[in-house]
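Dear colleague,

I am handing over the structure below for your records. My notes on what was found in it follow directly after.

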Number of protein chains: 2
Amino acid sequence: MAVNVAEEMAKTHKAISIAEFFEKNKHLLGYENLQKSLLTVVREGVDNSLDACEEARILPDVYVELQKKANIENRYKVIIEDNGPGIVKKNIPKIFGKLLYGSKFHRLRQSRGQQGIGISAAVLYGQLTTGKSAKIYSRINDDKTHIYELHIDIQTNEPVIVSEDTVYGSGHGTRLELEVKGRYVKGRQSIYEYIQETAIMNPFAKIVFVDPDGEKFEFPRGVDELPKEPREIKPHASGIELGTLLKMMKGAKPKTISGFLAAEFSRISGEKAKELCVLANVDPKVSTMSLTRDEAEALHEQMQKAKLQNPPTDCLSPIGAKPIEEGLKKELVPEFVTAVSRSAAVYTGNPFLVEVGVAYGGNIDQEGPVHLMRYANKVPLLYEQSACAITKAVIQTDWRRYKLSQSAGALPVGPMAITIHFASVWVPYTSEGKEAIAAYPIIIKEVKLAIQEAARRMGVYLSRKRRANEAEEKKALFYRYVAETAGALHDLTGKDKEKIATQMSELINEKLKTMIVEEVEEEPVEQEEIDNEIPDEDNGEENGVEKESGE
Amino acid sequence: MAVNVAEEMAKTHKAISIAEFFEKNKHLLGYENLQKSLLTVVREGVDNSLDACEEARILPDVYVELQKKANIENRYKVIIEDNGPGIVKKNIPKIFGKLLYGSKFHRLRQSRGQQGIGISAAVLYGQLTTGKSAKIYSRINDDKTHIYELHIDIQTNEPVIVSEDTVYGSGHGTRLELEVKGRYVKGRQSIYEYIQETAIMNPFAKIVFVDPDGEKFEFPRGVDELPKEPREIKPHASGIELGTLLKMMKGAKPKTISGFLAAEFSRISGEKAKELCVLANVDPKVSTMSLTRDEAEALHEQMQKAKLQNPPTDCLSPIGAKPIEEGLKKELVPEFVTAVSRSAAVYTGNPFLVEVGVAYGGNIDQEGPVHLMRYANKVPLLYEQSACAITKAVIQTDWRRYKLSQSAGALPVGPMAITIHFASVWVPYTSEGKEAIAAYPIIIKEVKLAIQEAARRMGVYLSRKRRANEAEEKKALFYRYVAETAGALHDLTGKDKEKIATQMSELINEKLKTMIVEEVEEEPVEQEEIDNEIPDEDNGEENGVEKESGE
């Protein structure tokens with residue numbers, strides 16, 4: 001019996017293309033409902049534009065327009081245009097028409113995109129929901145504009161070019177036009193919110209947004225300098241899996257194993273490489289090709305155990321405290337602003353750093369919880385707030401020390417906005433939807449340290465403000481008696497009444513100023529203690545991600 | 001400038017294989033930490049074995065063994081063997097050595113696997129963490145055993161065969177041996193828990209599990225009949241995206257558009273197909289190839305609007321109320337058990353049904369919340385409980401009506417186990433990790449209805465039990481006076497004292513029995529009202545998944 005059954009079953013086996021996979025699983029990529037889908041399309045386009053500009057060292061001008069299609073419910077044309085470097089003609093079809101294709105996946109350096117799925121998935125979503133091809137215009141400063149209409153062959157995951165044309169066009173940049181099913185909303189988790197939050201943490205970018213009613217919103221540049229350019233780094237030995245090491249050895253150029261280690265890993269010198277080989281009982285001069293699996297495993301073990309320097313951090317491109325403050329000032333007009341940009345740390349071999357901006361009062365006057373804006377590699381994260389390491393760190397911080405009220409397990413309450421930026425060569429997203437950062441203890445710790453520094457400054461400001469208010473009240477009280485007392489003194493001493501009043505006012509002013517300063521210095525804002533139990537680098541996923549406890 | 005930049009950037013663009021993608025993103029497939037990873041490997045193997053047996057109509061015998069590797073921390077050999085049909089020789093390499101390959105993705109019928117990723121991802125995880133190839137033995141009843149050692153070429157996502165051999169072997173079945181990094185735990189979210197829960201809801205399977213200490217656990221068969229075989233169905237018009245329709249038309253065999261519609265969709269007759277064409281202003285006789293995009297869109301709109309019968313439900317393979325009860329009895333030995341198997345409903349064009357089993361008391365004596373066991377297509381879901389539609393439905397049920405205590409927003413409390421089975425041709429998992437079901441309102445509603453029917457029966461049982469207890473107490477009270485009263489009556493009437501006592505006892509028994517029945521009938525368990533606002537079929541994702549509100 002079973003022979004036939006097995007043979008019958010064999011006939012049904014076949015390969016599935018990644019495009020087919022995501023056609024059926026589009027919710028995994030952020031296309032869960034019409035509101036989020038429209039946002040995801042815009043986000044993928046804007047992320048790509050900003051990445052391209054930054055990589056080409058061009059101050060970004062990004063234009064986003066949404067047009068509501070007449071007579072068709074829930075149908076929009078999305079236009080995203082940038083002044084980036086453009087894309088060379090032969091690469092246009094694959095970049096927009098093939099999933100898992102791109103420049104960012106194979107290198108270790110900070111960028112918004114990292115998977116090679118985003119923009120082609122937006123094209124796939126458009127064709128799936130409207131049957132329409134994407135239209136792409138690209139200029140690379142050679143006086144030509146290449147225009148493609150294309151979609152994806154879902155069975156093969158290859159681009160299908162519907163039309164192509166080249167016309168005259170000066171300058172450089174890329175324009176994408178997509179027709180998609182979606183729903184446009186205002187308020188929370190809206191495209192406007194996404195663009196405004198992008199403008200805050202990318203103050204070197206100018207963004208113009210035209211909404212479906214034709215209303216135009218301009219987000220001007222706040223600073224005229226790009227963040228520093230990130231460099232590509234080699235992987236760090238501490239985060240490497242044995243299988244990945246074996247794969248790297250197979251494709252290695254250096255002939256000897258010690259040469260390979262020194263060439264392909266961060267922080268392994270020639271000397272250190274030889275030392276590791278000796279510890280693993282492997283001849284440093286042996287060829288990578290003739291190493292046995294067991295030898296490789298011994299070497300891998302030594303690489304995990306070795307005390308190596310943390311990887312270099314110039315693969316990161318922080319925004320910087322000053323630009324973050326400028327971004328907050330220009331978009332929110334607060335009465336107080338401060339920002340902290342921490343130095344780099346490492347999770348499972350990946351360098352990362354945390355930046356926090358805090359803005360208080362002024363135009364920020366909402367009631368209830370503070371407005372928390374989360375970012376990964378400069379991209380705002382609008383969904384899955386409670387699942388994110390950033391939110392956990394904010395909630396775990398004791399905000400009452402910094403003069404804000406807070407219930408247990410909740411965000412603090414007050415007229416305040418917090419921006420928290422996680423920058424890394426590889427963001428450990430909890431899903432392809434790229435909405436939440438996995439809660440590695442070292443990440444939580446770094447976020448908390450950054451928050452505390454910024455919050456402490458804000459606490460000092462709030463204390464001072466409170467003292468100043470109190471002093472003002474006292475001053476007003478004293479002034480009320482100045483005229484009367486001056487009159488009495490004039491009668492008593494015969495001196496000029498006006499003069500006495502002026503001197504008394506000056507005296508009050510002077511006295512109260514000293515009082516404020518003294519009181520603030522007397523009562524500094526308490527610094528929260530950070531749990532020192534958390535190791536500075538946590539090695540591998542082993543102790544890495546918070547374990548789920550079920551319920 | 002930009003020409004050069006664009007050309008420099010172009011050099012770095014390249015394709016990413018799906019194996020590379022998941023090498024870097026293994027947490028997306030359930031390989032998040034060592035404990036969960038070991039479970040995921042076992043789960044993928046057991047799911048595959050059970051699917052193969054059921055498809056070949058063989059009562060499954062599944063053997064699972066974990067061996068701890070000596071001298072290497074966190075290293076296990078996982079062995080999974082079944083008596084299934086085996087796999088024909090030429091398909092073995094791709095089934096285990098290529099991601100996105102299989103028989104289940106392209107057809108609409110209930111099975112455990114659906115993506116074509118699971119078992120090859122387990123092989124990938126093993127090679128990644130240990131550098132070892134997988135070993136597969138397969139027999140298809142032709143007196144041969146084919147043995148392969150293989151792993152995946154990560155750059156190409158193709159199998160690499162390390163060794164192959166054919167030896168004599170009678171019978172049929174498949175055996176997989178994998179070496180992986182993992183951590184073995186007992187208790188919640190353990191492999192033991194996974195296997196026991198599998199045994200409960202797959203009572204037609206015999207499972208043997210040998211743990212790393214060599215202890216052997218046998219889960220015998222509870223019923224000797226397989227669930228009914230599911231049939232493959234055509235897609236339903238109500239859930240189809242325009243882009244998918246266009247793709248299907250391109251590859252269609254029937255020449256005319258009306259013939260295509262009738263042949264390729266559920267519940268569209270030849271007559272109905274013509275009617276839809278006329279409504280869309282399309283000639284029913286026109287060829288699928290010559291239809292314009294706008295015509296296709298008009299047709300798509302009519303297909304969405306049409307009042308069509310729900311799809312046939314013989315694509316589903318429910319377990320059935322009786323086998324669920326047997327499964328609960330054999331594994332948990334409760335004092336009361338009941339199960340409900342509902343008829344099918346439809347979400348976004350996909351048929352599904354819900355089955356609920358409830359077991360109370362007996363060997364179930366835990367304190368605190370009830371033990372909730374969630375299943376999708378007969379597979380236990382051990383993680384992400386709170387994100388799951390099933391959990392939401394349980395929490396939204398008012399259990400106090402059924403004599404259990406419950407706090408707002410929490411599971412009920414009591415010595416009870418609930419198994420809830422969601423069966424569908426396509427399970428809307430919230431991630432590839434396959435741990436939680438998306439909360440479509442129609443799914444929540446169906447789960448609640450099934451729970452209520454089972455819970456009502458349990459409520460009646462608990463009421464009756466309470467009455468019986470009360471009656472026993474009364475009876476005991478009466479008995480205390482029987483001897484005394486009988487003595488007095490004997491003195492009064494001269495009749496036999498023993499006889500009087502017996503008659504009185506019988507009378508008390510009789511009277512109390514009636515009392516219990518009457519009281520139960522007088523006070524029936526209240527039935528909870530179900531919100532009738534939810535439409536019976538919710539059309540498309542549009543109103544489908546609960547929207548996230550952020551915080």
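A:Met9 is buried, because 21 other C-beta atoms lie within 10 Å, and a residue counts as buried if 20 or more do so. The residue belongs to helix α1 of chain A, which covers residues 2-11. Leaving aside residues up to four places away in sequence, A:Met9 touches B:Glu55, B:Pro85 and B:Ser103. Please keep in mind throughout that this is a predicted model.

The contact between the chains

The partners of A:Met9 just named belong to chain B, which leads to the interface. There, 70 residues of chain A are in contact with 69 residues of chain B. On the side of chain B that touches chain A, at least two residues each come from α1 (2-11), β1 (14-15), α2 (18-24), α3 (34-55), β4 (101-102), α5 (118-130), α7 (242-250) and α10 (293-305) of chain B. Of these, α1(B) gives the most, with seven residues. Sorted by class, this side of chain B holds 29 nonpolar, 22 polar and 18 charged residues.

Strands also take part in joining the chains. Strand β4 of chain A, residues 101-102, is linked to β1(B) by two bridges, and the two strands run antiparallel. Within this pair, A:Tyr101 stands opposite B:Ala15.

How are the two copies related? Chain B is superposed on chain A by a rotation of 180° with 0.0 Å of shift along the axis, at an RMSD of 0.1 Å. The copies are thus related as by a two-fold rotation axis. Moreover, 100% of the interface residues of chain B are also interface residues in chain A, so the copies meet through the same surface.

The sheet of chain A

Chain A contains an open sheet of eight strands with mixed pairing, in the order β7-β6-β5-β8-β3-β2-β9-β10. At its edges stand β7 (158-168) and β10 (216-219) of chain A; each has a single partner strand, so one side of each is left without a neighbour in the sheet. On average, and with direction ignored, neighbouring strands are turned by 15° against each other. As general background, strands of a sheet pair through backbone hydrogen bonds, either parallel or antiparallel.

One of the antiparallel pairs in chain A consists of β5 (residues 134-140) and β8 (residues 172-181), joined by six bridges. Here A:Tyr137 has A:Arg175 in β8(A) as its bridge partner.

Which helices lie across these strands? Helix α3 of chain A, residues 34-55, lies across β2 (61-68), β3 (75-82) and β8 of chain A, and runs at about 10° to β3(A). Helix α5 of chain A, residues 118-130, lies across β3, β5, β6 (144-153) and β8 of chain A, and runs at about 35° to β8(A).

The sheet of chain B

In chain B, an open sheet of eight strands with mixed pairing has the order β7-β6-β5-β8-β3-β2-β9-β10. Its edge strands are β7 (158-168) and β10 of chain B, each of which pairs on one side only.

Toward one edge, β6 of chain B (residues 144-153) and β7(B) pair in the antiparallel sense over 10 bridges. In this pair, B:Asp153 has B:Glu158 as its bridge partner in β7(B). Toward the other edge, β9 (residues 206-210) and β10 (residues 216-219) of chain B form an antiparallel pair over four bridges. B:Val208 is matched there with B:Glu218 in β10(B). The hairpin of β9(B) and β10(B) has five residues between the strands, and B:Gly214 takes a positive phi near 85° in it.

Domains and a further helix

Chain A is divided into domain 1 (18-219), domain 2 (237-305), domain 3 (321-457) and domain 4 (460-522). The centres of domain 3 and domain 4 of chain A, taken over C-alpha atoms, are separated by 41 Å. Their contact takes four residues from each of these two domains. On the domain 3 side, these residues are one nonpolar, no polar and three charged.

Finally, helix α12 of chain A (residues 389-396) has the buried residues A:Ala389, A:Ile390, A:Thr391, A:Ala393 and A:Val394. Among the elements that cover the buried residues of α12(A) are β14 (371-376), β18 (416-424) and α13 (441-493) of chain A.

With kind regards

Note on methods: Residues are numbered from 1 along each chain as its sequence is written. Chains are lettered from A and ligands numbered from 1 in the order in which they are written. This is a predicted model: local features need pLDDT of at least 70, side-chain atom pairs count only at pLDDT 80 or more; totals for chains, interfaces and linings use all residues. Two residues are in contact if their C-beta atoms, placed from the backbone, lie within 7 Å. Ala, Val, Leu, Ile, Met, Phe, Trp, Tyr, Cys and Pro count as nonpolar, Asp, Glu, Lys and Arg as charged, and the others, Gly among them, as polar. Two strands pair if DSSP finds at least two bridges between them. Copies are superposed by least squares on the C-alpha atoms of residues with pLDDT of at least 70 in both. A residue is buried if 20 or more other C-beta atoms lie within 10 Å of its own, exposed if 12 or fewer, and partly exposed in between; C-beta atoms are placed from the backbone. Domain bounds come from an automatic or database domain assignment. Axes are lines fitted to C-alpha atoms, for helices over the stretch in contact, and angles run from 0 to 180 degrees between N-to-C directions.
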